[in-house]
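Please keep the structure open while reading this note. Each numbered point takes one part of the chain and says what to look for there.

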Amino acid sequence: MPSNKLRWGILGTGNIASRFASQVPSSATNEVVAVGSRSTESAEAFADKFGIANRHGSYDELLADESVDAVYIATPHPLHPEWAIKAAEAGKHVLCEKPLAINRAWAAAIIEAAVRNDVFLMEAFMYRCLPQTKLVGQLIRDGAIGKVHQIQASFAFQASFNAESRIFANDLAGGGILDVGGYPVSYARLIAGAAIGAPYADPAAVTAVGHVGETGVDEWAAATLFFDSGLTAHVSTGVRLNDENRVRVLGSEGYLVVEDPWFGGDGKPTHVTVHKVGEEPRDVSAEPAFIYQAEAEAVAAAVEARQAPEMSWEDSLGNLVVLDKWREAIGQQYEAERDDVLIPTATGRPLAKRADAPMTYGEVPGLAKPVSRLVMGVDNQPTLPHAAMIFDDFFERGGTTFDTAYIYSGGRGEKLLGQWMKSRGNRDDVVVIGKGAHTPHCDPESITRQLGESLDRLQTDHVDLYLMHRDNEEIPVGEFVDVMDSHFRAGRIKAYGGSNWSLERFDEANAYAAAHGKQPLTLLSNHLSLARAYDVPWAGCRHVSDDESQAWLRERQVALFPWSSQARGFFTGRAKPEDRSDEELVRCFYSDENFERLRRARELASKHGVEPTAIALAWLLHQPYPVFPLIGPRQISETRTSTPGLSVALSADEVAWLTQV
């Protein structure tokens, strides 16, 4: 008779895996059926100890076990992305030990794999599943201590220094912040959320101090979290200094204390003590629970929803944002996160386009390789891990074209793209767009200097497409054509054009090129989006939203690479007639006409089963001239909601209807 229990496989055989294996069998909704280790001997010993039927001498064998529904990942921190993603790809639900990854970037890659493969995923903050923790949240929501003002939370321990130990090893992402610091941070965010009637809240700012030891990991650290509600939280953690390891919450009417917040008695009776003005302290009891059993039961209860309320995906990402800021504030960075490393893919596999990649391609005169119809903007990636995850995901979706510029982040964008290409060995497979000649250095001499620096940063001898970022109409256009032609003939660029150039100067430049036997401009990068622009965000920018420009594009068939193709988020839900907080969005795009276009985009989005952003991109891609929209996703999820625009087939009537007055 088949079991109706969730059948678990345990990936890893360390101490925490043992605790999970010892408690799950007492659950009415879960059972452990398999274990996987990197050696057969370890798997056999673990399975014998806990009475587990299936034992595997590799993690891959565990993931191939058809008797397993869900996998508990109990490896060291840096291995979480690889095995969580591979588990999702194997169709297994995933409970991954905390931290979900060593930074937010890799965690986002794990979540994307869960979305793509339609499996459950939760970060294993087991205390979140305890009745005691839920009791604290309810007390806060009920106003048991009035208005919450301050949270104090700590989780630290004192270990003897051993450079070989996991908690002191840089390559295993040791240190207190990732090992146990996530607990007080997540508890503080939970309470800050409960205080305003939300599941959690993210701090607006983080300040911190700490001690980084000789192995490069944090050994003691303290931080203050500032929330928009006015609430503050003081958190501390460490691996070479013990602390009280409790939670105190102070409010306008008193305070409450949680003496055992992280383990909640672990099967023994537990309570929360409430201290209120004019009253005797009172202990509020919580139901006893075994922490890993409670965690497994939370998964079983929510598996069909793919996320658990105890620790949602956005909650995990928000927690890691704080941990990233905490580490940055004290100067702690792992070697694997440095800008100059050969950064691996999240799975450890070579990067490759997926079989179901939705990307389509076009051509630009002068360039002998296909250009992906969506172009990744290289200007929103603050770290190499972040850039690598965003770029990897884009490449796996078939994206090959990357838009960078000499001035982006002071050259950091070019450096990160160059290091990513070096790490992946894929320079010949991608199209790099470079830009220079930005005001006030908009002259032929600056182009040569900037291009040389850009090539050094990008670690390449050429860019595929080059755009003069601005025009300087005080300089004869032929001087710009001459310098660009020289770089074309030297092989440093394959094709070029203008960004924020007037159409008149573009025509004048090509007339000069034709008359003097020079390479012409073949691409243009001015603004265009479904939301018609009434102004531009930066001085010197130009759009081609007007009817005359559209007629020019149809006639010339010049390849257009429109920046701000999503109108600064106008179609994401940010734009509301009553919300005028984003002054540039209001100035450039707010009009009755554009809100009507937004309404129509939403109507077509519902019809085609996509987001309005995808309709906005589809409108661009259906123009009667070559268009390669630039997108600037800050997160993988934003790329995900954009790419369906490639597959939306709009009829000619629908394209026209979106902009009809």
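1. Start with glutamate 112, which is found in helix H5, residues 104-117. The model is predicted. Is glutamate 112 buried or exposed? Its relative accessible area is 5%. The cut-off for buried is under 20%, so glutamate 112 counts as buried. Look next at what touches this residue. Setting aside neighbours within four places in sequence, glutamate 112 is in contact with Asp393, Arg397, Ile636, Ser637 and Arg640. Three of these names are worth keeping in mind for point 6: Ile636, Ser637 and Arg640.

2. Move to helix H11, residues 412-424. Does its length agree or disagree with what should be expected? At 1.5 Å a residue, the 13 residues of H11 should span 18 Å. The end C-alpha atoms of H11 are 18 Å apart, so the two values agree. Just after H11 comes glycine 425, whose phi is positive, near 65°.

3. How much of H11 is buried? The count is 10 of its 13 residues, so the rest of the structure largely encloses this helix. The buried residues are Gly413, Glu414, Leu416, Leu417, Gly418, Gln419, Trp420, Met421, Ser423 and Arg424. Charged names appear here too, including Glu414 and Arg424. What covers them? The cover includes two helices, H10 (384-396) and H12 (444-458). It also includes two strands, S18 (401-403) and S19 (431-436).

4. Stay with strand S19. Six of its six residues are buried. In a regular strand, side chains alternate between the two faces of the sheet. Now check each face of S19. On one side are Val431, Ile433 and Lys435, and on the other are Val432, Gly434 and Gly436; all are buried, and both faces are covered. S19 also has a partner: S18 pairs with S19 in the parallel sense, over three bridges. To find this pairing on screen, take phenylalanine 402, whose bridge partner in S19 is valine 432.

5. Strand S7, residues 148-156, makes a useful second case. Seven of its nine residues are buried, so "mostly covered" fits by the under 20% cut-off. Which strands pair with S7, and in which sense? Strand S11, residues 247-251, pairs with S7 in the antiparallel sense over five bridges. Strand S10, residues 232-238, runs parallel to S7, and seven bridges join the two. One bridge from each pairing can be picked out. Valine 148 has glycine 251 as its bridge partner in S11. Isoleucine 151 has alanine 233 as its bridge partner in S10.

6. Now the open spaces. The largest pocket holds about 1,100 Å³ of space. It is lined by 36 residues, and the closest to its centre are Asn380, Trp538, Ser564, Gly632 and Arg634. Three elements give two or more residues to this lining: helix H16 (570-574), strand S24 (630-631) and helix H20 (636-642). Which of them gives the most? The answer is H20, with five residues. Recall that Ile636, Ser637 and Arg640 touch glutamate 112. By class, the lining has nine nonpolar, 18 polar and nine charged residues.

7. The second largest pocket has a volume of about 670 Å³. Its lining has 24 residues, with Gly14, Asn15, Ile16, Arg166 and Asp179 closest to its centre. Helix H1 (15-23) and helix H7 (176-194) each supply at least two of the lining residues. The lining divides into 11 nonpolar, seven polar and six charged residues.

8. Alanine 74 sits in the loop between strand S4 (70-73) and helix H4 (80-89). Its relative accessibility is 11%, so it counts as buried. Not counting residues up to four places away in sequence, alanine 74 touches Leu11, Gly12, Ile16, Ala17 and Glu97. Ile16 was also named for the second largest pocket.

9. Finish with the closed space. How many cavities of 30 Å³ or more are there? The count comes to one. Its volume is about 30 Å³. The lining is His527, Asp535, Val536, Pro537, Trp563, Ser564, Arg568 and Phe589. Four of these are nonpolar, two polar and two charged. Ser564 also appears among the residues closest to the centre of the largest pocket.

Definitions and conventions. Residues numbered from 1 in each chain as written. Predicted model: local features only at pLDDT ≥ 70, side-chain atom pairs only at ≥ 80, totals over all residues. Heavy atoms only, no water. 1 Å grid on protein atoms, 1.4 Å probe; cavity = no way out; pocket = protein on both sides within 12 Å on 5 of 7 lines; lining within 4 Å. Points joined across faces, edges and corners; volume = space filled by probe spheres on them. Helix = DSSP H or I, 4+ residues; strand = E, 2+ residues; numbered from the N terminus. Buried < 20%, exposed > 50% of the residue type's maximum accessible area, 1.4 Å probe, protein only. Pairing = 2+ DSSP bridges. Contact = heavy atoms within 4.5 Å. Expected span 1.5 Å × (residues − 1).
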